[in-house]
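Welcome, and thanks for taking a look at this structure with us. Please keep the 3D view open as you read.

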Amino acid sequence: MSDFKKPKTKEEYLENFGQIKPLMNATMAYYESSRCLFCYDAPCVKACPTGIDIPLFIRQINNGNLSGAAKTIYEQNYFGNTCGKVCPTEVLCEGACVYNEQDVKPIEIGRLQNYATEKAIKSNLNLPKGQIKRDERVAVIGAGPAGISCACELSKLGYQVDVFESKEKAGGLALYGTAPYKIRNEEIEDEISYLKTQFGFKLYTNHAISNASDIQKLESKYDAIFLGVGMGGTRNINIPGEGLDNCVGATEFIESLKMNPLTTAIGKKVVVLGGGNTAMDAASESARMGADEVTLLYRRSKDEMGAYHFELDLAKSVGVKAVFEVQVLEIIGDRKVGGVKCTKTHSKDGILENVNGSEFTIDCDMLIKATGQQKYTPLLDLIPLNYDRVGRITTNNNFQCSNPKYFAGGDALNGGAEVVNACEEAKKAAIEIDSFLQHK
Ligand SMILES: Cc1cc2nc3c(=O)[nH]c(=O)nc-3n(C[C@H](O)[C@H](O)[C@H](O)COP(=O)(O)OP(=O)(O)OC[C@H]3O[C@@H](n4cnc5c(N)ncnc54)[C@H](O)[C@@H]3O)c2cc1C
Ligand code: SF4
């Protein structure tokens, strides 16, 4: 049973979705940074996909050099502030911190990262930029973490970069998908607007690249094109009843609640299907939106869940009930979702089987499918490139597609990972684009 009431005002919404990693004040940052051992060959750095020099920026914070700390972070990761909040630090940098071996709380690296970068954004701190100006132009399709990171790096290298984004706002799933108790929308918008000011790329929102003529124009006007288009909407699960009202996809539900929290409908009894991080987020968010009961159903065992265990614990801490080894056979209801017909499952030699005669029904008035995203966006149908069998773009080791003018990075390439992976791949892709254009 959840303790939250459906938020009716912005204040109530912010209270229900209070930040789990709030900003540190100066005393907290000084104390926490003084705990760091500034390890040689630090394991936290190795665990960071973008390789931020963590001991260096922590030392800079400790010495009061906040500008230096922010520059150290942005040197490696253009979404330094966003990643400080949304990265699964528990399994990355903080999970690798040497303090874990002594059973002592690891350094709160993510929060220290936010402490330094938030100040840089607020003061519009000047970041180092390249001196060379190049004549070539690069188009970036998609203004998610991948597209924006690629645009920053290319602008720094002197190119003229135009970013095209179909949605009203830039940020991709970092903005439209990540949980509101991890980061507020304004924080992501502020970081993107800071990067735009710093690096000077042009951003065209509400500007979908959606047909063959758009593609043709881009190909003739630009010397290279980066695809940072992410993935598609929630995949259908093809069971009876999927078309009933109140049966919704997780990414669509989360986008609605992030953009219009006060008008997003929530059921009283919500069932969430899935065992990944998106399922945990959708369940936690349903509870915080005021659902009386939230039940998470996963067809395999707890140990086989794709979600991080700390995300499950977070969902449970707000009253979510998790049930494992249960498969939904049918969504029942008359026009609207009224329940789900399920069966128990078990795994035999790694193959999932339904347990005969174990069918049962759970009453619910909303079903959220967190059963994965479609692997591609419609745009990719228009561009003759090589894709793998699940629809991911394939590239060579230089992030270059089968048509050499195109490069790719982020979810569209890796099939869905974290913000930090999209940032890192896109930055590397930008360096490869530079090398391609210089040798052309
Ligand atoms: C519900 C949810 C929660 C998540 N939570 C976390 C988290 O807590 N921490 C974390 O690190 N990661 C999280 N992720 C994953 C993370 O958000 C993604 O890995 C990351 O955003 C991928 O970045 P990207 O730029 O590759 O793609 P996206 O962020 O998907 O951006 C792609 C952009 O391209 C645009 N686009 C697509 N087609 C076109 C077109 N034809 N023309 C113009 N623009 C186009 C899209 O509108 C979008 O803005 C979450 C994902 C989901 C779904
Ligand atoms: S591993 Fe921990 S103590 Fe060592 S440098 Fe990294 S944050 Fe500091």
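The report below walks through two sheets, a helix, a ligand shell and a loop glycine.

## About the model

Please bear in mind that this is a predicted model.

## The sheet from β5 to β8

Let us begin with an open sheet of five strands, whose order is β5-β13-β6-β7-β8 and whose pairing is parallel. The edges are taken by β5 (247-249) and β8 (321-324); each has a single partner strand, so one side of each is left without a neighbour in the sheet. On average, neighbouring strands here are turned by 20° against each other, direction ignored.

Inside this sheet, β6 (residues 269-273) pairs with β13 (residues 366-369) in the parallel sense, over four bridges. If you would like a landmark for that pairing, look at V271, whose bridge partner in β13 is L367. Helix α14 (residues 277-288) packs on the sheet, where it touches β6, β7 (293-298) and β13. The direction of α14 makes about 170° with that of β7.

## The sheet from β3 to β14

Another open sheet has five strands in the order β3-β2-β1-β4-β14, again with parallel pairing. Here β3 (202-204) and β14 (406-408) stand at the edges with a single partner strand each, so one side of each lacks a neighbour in the sheet. Its neighbouring strands are turned by 20° against each other on average, direction ignored.

The strands β4 (residues 224-227) and β14 run parallel and are joined by three bridges. Within that pair, F226 has F407 of β14 as its bridge partner. Two helices deserve a look as well. Helix α9 (residues 145-156) lies across β1 (137-141), β2 (160-164), β3 and β4, and runs at about 170° to β2. Helix α12 (residues 212-221) packs on the sheet too, touching β1, β2, β4 and β14, with a direction that makes about 150° with that of β1.

## Helix α2 and its two faces

Which residues of helix α2 (residues 26-35) are buried? They are A29, E32, S33 and R35. Seen down the axis of α2, these buried residues fall within an arc of 150°, so they line one face of the helix. The face turned away from them carries the exposed residues T27, Y30 and Y31. As for partners, the buried residues of α2 pack against α4 (54-62) and α8 (109-122).

S33 makes a good close-up on this helix. Its relative accessibility is 0%, and buried means under 20%, so S33 counts as buried. Leaving out residues up to four places away in sequence, S33 touches F38, I58, I61, N62 and L112.

## Around ligand 2

Now zoom in on ligand 2. The residues around ligand 2 are C36, L37, C39, A42, C44, P55, C97, V98, I107 and I109. What is the make-up of this shell by class? It has 10 nonpolar residues, with no polar and no charged ones.

## G306 in its loop

Our last stop is G306, found in the loop between β7 and α15 (309-317). Is G306 buried or exposed? With a relative accessibility of 59%, and with exposed meaning over 50%, G306 counts as exposed.

G306 still has contacts elsewhere in the sequence: not counting residues up to four places away, G306 touches G275 and G276. G306 and G274 are 32 residues apart in sequence, and their C-alpha atoms are 9.1 Å apart in space.

Note on methods:
Residues numbered from 1 in each chain as written. Chains lettered and ligands numbered in written order. Predicted model: local features only at pLDDT ≥ 70, side-chain atom pairs only at ≥ 80, totals over all residues. Heavy atoms only, no water. Near = heavy atom within 4 Å. Nonpolar A, V, L, I, M, F, W, Y, C, P; charged D, E, K, R; others polar. Pairing = 2+ DSSP bridges. Axes fitted to C-alpha atoms, helices over the stretch in contact; angles between N-to-C directions. Contact = heavy atoms within 4.5 Å. Buried < 20%, exposed > 50% of the residue type's maximum accessible area, 1.4 Å probe, protein only. Arc of directions from axis to C-beta.
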